[in-house]
Protein chains: 2
Amino acid sequence: MTTEEKIIKAAEEVFIEQGYDGARMQEIADRAEINKAMLHYYFRSKDMLFEKIFEEKVKVVFPTISEQMKSYEGFTDKVCFFIEQYYEILIKYPFMPFFVISTINRKDDKHFIDKLPFGFIKEIFFESFFSDLQSGKIREVNPFQFAISVMGMSVFPFLTRPAMKKLIGINDEQFQMLMQQRIEELKNYVRLILIPTNHA
Amino acid sequence: MTTEEKIIKAAEEVFIEQGYDGARMQEIADRAEINKAMLHYYFRSKDMLFEKIFEEKVKVVFPTISEQMKSYEGFTDKVCFFIEQYYEILIKYPFMPFFVISTINRKDDKHFIDKLPFGFIKEIFFESFFSDLQSGKIREVNPFQFAISVMGMSVFPFLTRPAMKKLIGINDEQFQMLMQQRIEELKNYVRLILIPTNHA
DNA sequence: AAATGATTTAACCAAATGGTTAATTTTTGA
DNA sequence: TCAAAAATTAACCATTTGGTTAAATCATTT
C-alpha cells in the first residue's frame, strides 16, 4: 500500500465521519500512520485533499447504473431496478448519503453541487416516463416530484441511521437487515403509485 | 430586544447555516452586535449555547401536531393531515431538516438523538394503524417502513435544496412553490399506497 | 448621592490547527 | 558506486479559536 493510498483511505474515513470542518489533518495523518507533512506533500492542502476524496466517492455513489438500466423497457421496471441497484450501494456505504448531503450544504463552498452527476438521474427518471404515460401504462404523476420521492424514500433512513436505530431499538446488523427488506417494500410502493388500477 | 434574545437569534442563524463545527463564536457575537464575552456570560460555552439552540429549534420542528391529529379517525387521513401540517413548518423553516440531521450525525456527540421527540412519531404512525389494517381499510404495509418513507419523501427535498434548485434550475421562490404543490402529490401517493383497490 | 449588583468591554491567553521548512533518509538510474 | 531526485521527518510558524479576566459602565435601591 503506497503512502498516497494510505492517505486516501484515512482521509476518506475521517472526512466521512467528521465532515470537512470536523476533520483534522493530524488525525488523517495518524490514521494513515504517516507524517502530517506528507498530506501536504501529496495533496497540497486540506481543501484539495477533500476535493479529491469527494470526487472519488461521488463516483461510487452514483455509478453507472444507467448502463444496465437501459435493458429495462418500462418506466416502472426501471425505477424498481434502480432501487435494487441503489440499495446494494447504500447498504455497502451507509455513510455516503450524509457525507454527500453535508458537503453540498456547506455554506461557503457550494461548488460541489456541480460535481454531482445529474445527467444520470434525469436519464433514469425521465427517459421512458413520457412514453409510458402516453400509452397509459403509468398514472399521471409529476415526474419531478416522483423522482424526489423515490430518492427520498431510498436515502432517508441512511441519513437518520443513528436516530432510526434508537427509535426502533436496533443495532447495525439489524439495521442492515431492515434495509434489505426495505427494497421489496419500496418497489411495492412504486408499483402501487405508478401502475393504474384496471377498471374492468 | 434583550442581549440574550439577540444572542439566540444570531446563534440560531450561524449554527443553522454553518453547523456546530463551522460556527464561530466571534461571528455569532458580530451578528448579535455584542461583545464576544457576553456569549460566555450568558451561556458559558459554545456547547451549552448550541444545546440551547438545538432544544429550542427541535420544539419548532416537532410541534404538537399530534394534538390536532387526534381529530382524524382513519390512518390514511391522519398521515395526510400530518403531511399538510409538516409541510407548513418545513416551508417556513427549510433549513431545519439539515440542521437536525447534521446534529444527530455528529461523531463525538450522539446524545442529541435523545432530544428528539420520538413519541410524537410513534403516536402518529402506529396508533390507528393496526385497527385500520384489521378492518381492511388499508393495505398490508410494514408500518416502520411506511413511516420512514413518508418522512423521507417529505423531508428529502429540503435536505438537498441546493442540489434540487440546480437540478431543476429554479430559485428560492420557485422552490417554495414546488414544495407547496408537493403536498397534494404526496397525499396522493399515500392514498395510492394505503387504500386497497376494491375488486368489485 | 452612594453603594451594590448586574452588565458590558477590551485586552489577553493557551491550545489547536493548517501549513511550511530545512534537514535527513530512501530510491533511482547512469 | 555514487550523485541526483524523490520521499519522509521533526521542528517550527502564523493564525485562529474558544475561553478568561479585570476593569469599566449601567441600573437599582436605599
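Of the atoms of DNA strand D that lie within 4 Å of the protein, 61% are sugar or phosphate atoms and the remainder belong to bases. The model discussed here is predicted, with pLDDT of at least 70 required for local features and 80 or more for side-chain atom pairs, while totals for chains, interfaces and linings use all residues. Residues are numbered from 1 along each chain as its sequence is written, chains are lettered from A and ligands numbered from 1 in the order in which they are written, and side-chain values use heavy atoms, leaving out hydrogens and water.

A good place to start is the surroundings of strand D. A residue is taken as near a strand if one of its heavy atoms lies within 4 Å of it. By this criterion 14 residues surround DNA strand D, and the closest are Tyr41(A), Tyr42(A), Arg24(B), Lys36(B) and Lys46(B). Helix 3 (36–43) of chain A and helix 3 (36–43) of chain B each supply at least two residues of this surface; helices are DSSP runs of H or I with at least four residues, numbered from the N terminus. Helix 3 of chain A gives the largest share, four residues. A polar side-chain atom of Tyr41(A) is found 2.9 Å from a phosphate oxygen of strand D, and a polar backbone atom of Ala23(B) is 3.3 Å from a phosphate oxygen of the strand. At the bases, an N or O atom in the side chain of Lys36(B) comes to 2.5 Å from a base nitrogen.

Turning to DNA strand C, 14 residues lie around it, with Arg24(A), Lys36(A), Lys46(A), Thr3(B) and Tyr42(B) coming nearest. Sugar and phosphate make up 59% of the atoms of strand C within 4 Å of the protein. Phosphate oxygens of strand C lie 3.1 Å from a backbone N or O atom of Met25(A) and 3.0 Å from a polar side-chain atom of Tyr41(B). For Asn35(B), a polar side-chain atom sits 3.2 Å from a base nitrogen. Two or more residues of this surface come from helix 3 of chain A and likewise from helix 3 of chain B, and the largest share, four residues, belongs to helix 3 of chain B.

Away from the DNA, the structure holds 36 aromatic pairs over all chains. Rings of Phe, Tyr and Trp (its six-membered ring) pair if their centres lie within 6.5 Å, and planes under 30 degrees apart count as stacked, over 60 as edge-to-face and the rest as tilted. Phe15(A) and Tyr20(A) are stacked, at 6.2 Å centre to centre and 0° between the planes. The ring centres of Phe54(A) and Phe112(A) are 5.1 Å apart with planes at 70°, so this pair is edge-to-face. Phe54(A) belongs to helix 4 (residues 46–61) of chain A and Phe112(A) to the loop between helix 7 (96–104) and helix 8 (118–126), 58 residues apart. Ring pairs join these four residues with Phe50(A) and Phe99(A) in a cluster.

Finally, Asp172(A) is located in helix 12 (residues 172–194) of chain A. The side chains of Asp172(A) and Arg161(A) are joined by a polar contact of 3.1 Å, that is, a pair of N or O atoms within 3.5 Å; within protein, one must be able to donate a hydrogen and the other to accept it, and residues adjacent in sequence count only if both atoms are side-chain atoms. The two residues are 11 places apart in sequence, with 9.0 Å between their C-alpha atoms.
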